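Dear colleague,

Please find below the structure that I am handing over to you, together with its sequence. A short account of the findings follows it.

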Amino acid sequence: MADSDNSAIRNVTPAGVVTTLAGLAGESGSADGTGSAARFNLPYSVAVDGAGNLYMADTGNYTIRKATPTGVVTTLAGLAGEAGSADGTGSEARFGRPFDLGGNGPVGVAVDSAGNVYVADTGNSTIRKVTPAGVVTTLAGLAQNTGSTDGTGSAARFSYPTGVAVDSAGNVYVADKLNNTIRKVTPAGVVTTLAGLAGNPASADGTGSAAEFSEPRGVAVDSAGNVYVADTGNSTIRKVSPTGVVTTLAGLARISGSTDWTGSDARFSYPGGVAVDSAGIVYVADTANNTIRKGYPANVPLVMVTSAPGFGFNGGQFGFSLTGPAGRSVVVEASTDLVSWLPLWTNTFTSILNFNDLQSGDYSNRFYRARLP
């Protein structure tokens, strides 16, 4: 993740262990280098390719940076401190609009399977493309010309887009922040509005222009073409189907907080970024709470099976297998009276989990339960 105010790039393992991959907390700059020797200036977003390389929108430097899995940082495109809209290669390209003109640098990045990086060039209200060799072109929009027009290439208009995601077919999905819409850009630069109504910030679920968003900032897309949205102004996480049907996955519109729970009982505070993995687990940069949140699919059950070979009562012990949502932790507890429960075992689902109680022979009766904490 891009830890913007710390000007650092952080890594979080599935177990919640946080390390700093590159940059030094509180020390901004633009230096290339390895680990803590590198410097960033308000980096906003991160994308990861199949080889584990990271691409960052280094917003305050008006550049696109790259970091290897070992934290070696280089500048892929743009020139630190130099805003503009020029296409070109490497340091000849320009992103963003100077702050004194009311603009800002690139905010969103996404990377496809070929290593092309797509950029929400927020200050210029354009969508840019950067090849692995650092060649920058403008895919859609016209620099510093805002609007909400669907169209092809420079005929299309955006209004301060902040988030981008790319699917396996090369379609780019855009959180068009000030238009309060989710846009789609084909590889040929054809722009359409997938959901939302320009100039109408609200929170309604619905299809296409009947749905409403409030300054969405982050988007992600899964393998089925569903788009997940950090609907920042509403403090909710939304889902958009490939046909533009919008539902609210978590949070309650306009009600901020930090509560972990299910659906509308959960609370966020101005979430700015969202990602989704192959198991359908959604990760959220809950910006105003300074936390990273994790949401599990609601339709994956926890199942305990004792009839598999080797399970149930076997050799004086008792065992069973468990299936559940991938990436989710599970706790097995035991009790002799169904009142007091003792945690015995904790694990994380990657596939079927097998549990055996080595102490079960010491008890005349023992009850077991499994739960998702």
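**Findings: hairpin, sheet, serine and pocket**

In the hairpin formed by β5 and β6, five residues lie between the strands, and glycine 52 takes a positive phi near 90°. Please bear in mind throughout that this is a predicted model. The two strands of the hairpin, β5 (residues 43-48) and β6 (residues 54-58), pair in the antiparallel sense over five bridges. Within this pairing, alanine 47 of the hairpin stands opposite tyrosine 55 in β6.

I turn next to an open sheet. Five strands make up this sheet, in the order β14-β18-β17-β16-β15, and their pairing is antiparallel. Its edge strands are β14 (151-152) and β15 (161-166), each of which pairs on one side only. For β15, the pairing with strand β16 (residues 172-176) is antiparallel and comprises five bridges. Valine 164 has valine 174, in β16, as its bridge partner.

One serine deserves a separate paragraph. Serine 335 belongs to strand β30, which spans residues 329-335. Is this serine buried or exposed? Serine 335 has a relative accessible area of 3%; the cut-off for a buried residue is under 20%, and serine 335 is therefore classed as buried. A polar atom of its side chain lies 2.7 Å from the backbone nitrogen of leucine 338. When neighbours within four places in sequence are left aside, serine 335 is in contact with Ser340, Trp341, Arg366 and Phe367.

The last item is a pocket. The second largest pocket has a volume of about 920 Å³. It is lined by 30 residues, of which Trp261, Thr262, Lys294, Gly295 and Tyr296 are the closest to its centre. Which strands each supply at least two residues of this lining? They are β22 (236-240), β23 (245-250), β25 (282-286) and β26 (291-295). Of the contributions to the lining, that of β26 is the most, at five residues. By residue class, the lining of the second largest pocket divides into 17 nonpolar, eight polar and five charged residues.

When you open the model, you may wish to begin with glycine 52 in the hairpin of β5 and β6, then turn to serine 335 in β30, and end with the lining of the second largest pocket, to which β26 gives five residues.

With kind regards

Methods: Residues numbered from 1 in each chain as written. Predicted model: local features only at pLDDT ≥ 70, side-chain atom pairs only at ≥ 80, totals over all residues. Heavy atoms only, no water. Pairing = 2+ DSSP bridges. Helix = DSSP H or I, 4+ residues; strand = E, 2+ residues; numbered from the N terminus. Buried < 20%, exposed > 50% of the residue type's maximum accessible area, 1.4 Å probe, protein only. Polar contact = N/O pair within 3.5 Å; in protein donor to acceptor, adjacent residues only side chain to side chain. Contact = heavy atoms within 4.5 Å. 1 Å grid on protein atoms, 1.4 Å probe; cavity = no way out; pocket = protein on both sides within 12 Å on 5 of 7 lines; lining within 4 Å. Points joined across faces, edges and corners; volume = space filled by probe spheres on them. Nonpolar A, V, L, I, M, F, W, Y, C, P; charged D, E, K, R; others polar.
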